Amino acid sequence: MQRFINNPDDLVDETVAGFVKAHRDLVRVDPENPRVIVSQAAPVSGKVGIVTGGGSGHEPAFIGYTGRNMVDAVAVGELFSSPTAKSFADAMRAANGGAGVAVLYGNYAGDNMNVKMAAAMVEKDGIEVATVVANDDVCSAPLSEREKRRGVAGEIFMWKIAGAVAAKGGSLKEVQAAAQKAIDSVRSVGVGLGPCTLPAVGHPNFQIEAGTMEVGIGHHGEPGTRVEPLKQANAVAADMVKIVMDDHDLPEGSEVAVLVSGLGATPVNELYVLYDRMEQEIEARGANVYRAYVGNYFTSLEMIGATLSVMVLDDEMKALLDMEATAPGFSQTGDAAPELHRAAAVKTSATVREEVTETETAMPRAAETIKGPSVKNAGNAAIIEEVAAVIVENKAWLSEIDGKIGDGDHGINMAKGFGRAAERIAAADMTIDAAMNVLSDVLMSEIGGSMGPLYGLMFQEMAASIEGRTAIDADAFSVMLNAGLAGVRSTGSAKVGDKTLIDTLVPAVEAFDAAKAEGFSPALSKMAEAAEKGRDSTVDLVARIGRASRLGERSRGVLDAGATSCCMILSELGNGFSRRLQD
């Protein structure tokens, strides 16, 4: 792998640093959070703020659409991972001009979790938040289940239309309605000819054999929904138009806007070759192209391929699309918006920027009575360090598993979060619950994705359930496990059989509780055995939650990465307690 990279772990931060320096006339870094990019024109007093966010590696998305009359603030995530809830919350605060904030983002598990948590964080600041979730990718789910479709390049149209309404002085409800109308009017499809490689992994998540193409490819390196023999450009273009236009089912004479984006390594001339035939095919179906955008608008590192997005227009949408907009990744001349005044000081004070990390209902806490063998709470934070060491050691394997049906970054992000937490725990003398809180804070504030909030809340609730105890016996460990399970369930909807970490966590908790009467040590062994069986059960399951769910039967036959990391965590947690049991 030959890349212009220093340390792969620093790639996102260095990308942001260079981006801001290159476009300092349009954007700036939020002084409260280096993972938030803010338009130089924001916030605007009395104007609805527009916020988005997502994983890096898609440049110019997402940061490239920060600017005048488009996006006001962007939360920046790791490569192919959702930004943290804190970054989304800070972006909301940075964009707030007093009229509320519209958060417009793609339909991915991590984004859904972190935006929801962020909205709760800023609610106490008096910031009203409205959301619209993009779901324009036709191949990721049938039309009857459109709510399950992922958001891809069609999000750009959503940001453009909503940004124009906000610039014209529209209310939060009007901006939300315009964004929803825009994304409802868009259909997208992607075709991949070559995979991408996450720098920290060093090899592609999957292979596209020579002479084949993946139809329905995702923006995160996910495999397509079907593999076909590679066709000539005209045939590929016709097939892509058919997929989106059949889903649209437009009446004769409809006007559309078309966006053709490369995926990172596709020569621009090839994109124009595709577009030439695409326009012919669209017009042959009785539609007229009002505006066309061809270039690298929403990429996937160095993937070879292209996406097509088609948005249906009416007179109102055409006027909004035509409005002037200026951003690093998108510039359009046209009608200017009414001049509004930049807010002098909209940011809340540091004392008000307190984050909401509590779940809606209080979790049970273990009673202090100690019965039988136990582990001292004080001085045993090394248990969490040992758990972290196992995750770091298995970084490559976890990413390899994830890459088979996902985006390949599970091990990377898990190792980064657990590794950072371990360093901080080792530098201080703390209790087990305090160490869990450190781990939770790192996962939720610095890692993001879907695993950030899931494991973050798991360890947060585990910590809360044993806080203040002098020792943890079998009963307390049971309360701790169940609190962790409740924390995971509070932010996700997965059930046993959905091919997620729940398939490991639930049977492990149940096994410990069932064996608890036999003694602490036997129960820990039963927990580990059940965790392994739960992990292995995911091989035969079809994913129903997350990115892998779009692959249907193609997700069968592979371990789930979350279930695998959960098994590692529970097994090593049990080992750590077992080694330290005292009568």
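Here are a few worked exercises on this predicted model.

**Exercise 1: two helices side by side**

Work out how helix H10 (residues 395-405) runs relative to helix H17 (residues 561-580), and which residues meet.

Solution. Start with the axes: those of H10 and H17 come within 9 Å and cross at roughly 155 degrees. Angles over 145 degrees count as roughly antiparallel, so H10 is roughly antiparallel to H17. Next, look at who touches whom. On the H10 side you'll find Trp397, Leu398, Ile401 and Asp402, and they meet Ala561, Thr564, Ser565 and Met568 of H17. Sort that contact by class and you get 5 nonpolar, 2 polar and 1 charged residues.

**Exercise 2: checking a helix length**

Test whether the span of helix H4 (residues 155-167) fits its number of residues.

Solution. H4 has 13 residues, and at 1.5 Å a residue they should span 18 Å. The expected span uses one less than the number of residues. Now check the ends: the end C-alpha atoms of H4 are 18 Å apart, which agrees. While you're there, note that H4 is mostly covered, with 13 of its 13 residues buried. Step just past H4 and you reach glycine 169, whose phi is positive, about 95 degrees.

**Exercise 3: hunting for disulfides**

Find how many disulfides the model has, using a sulfur-to-sulfur cut-off of 2.5 Å.

Solution. The count comes to 0 disulfides. Take cysteine 139 as a check: its nearest cysteine sulfur belongs to cysteine 196 and sits 18 Å away. Cysteine 139 is buried, at 17% relative accessible area. Then try cysteine 566, where the nearest cysteine sulfur, that of cysteine 567, is 7.6 Å away, and again there is no disulfide. Cysteine 566 is buried too, with a relative accessible area of 0%.

**Exercise 4: unusual backbone spots**

Locate the cis peptide bonds before proline 43 and proline 60, then place phenylalanine 80 and leucine 301, which have positive phi.

Solution. First, the background: most residues other than glycine have a negative phi, and most peptide bonds are trans. Alanine 42 to proline 43 is a cis bond, with omega near -5 degrees, and proline 43 lies in the loop between strands E2 (33-39) and E3 (49-56). Glutamate 59 and proline 60 are joined by a cis bond with omega about 15 degrees; proline 60 is in the loop between E3 and strand E4 (73-79).

Now the phi values. Phenylalanine 80 has phi near 65 degrees and sits in the loop between E4 and helix H2 (85-95). Phenylalanine 80 counts as buried, at 1% relative accessibility. Leucine 301 has phi near 50 degrees, in the loop between strands E11 (288-295) and E12 (304-313).

Terms used:
Residues numbered from 1 in each chain as written. Predicted model: local features only at pLDDT ≥ 70, side-chain atom pairs only at ≥ 80, totals over all residues. Heavy atoms only, no water. Axes fitted to C-alpha atoms, helices over the stretch in contact; angles between N-to-C directions. Helix = DSSP H or I, 4+ residues; strand = E, 2+ residues; numbered from the N terminus. Parallel < 35°, antiparallel > 145°, perpendicular 65-115°, else oblique. Contact = heavy atoms within 4.5 Å. Nonpolar A, V, L, I, M, F, W, Y, C, P; charged D, E, K, R; others polar. Buried < 20%, exposed > 50% of the residue type's maximum accessible area, 1.4 Å probe, protein only.
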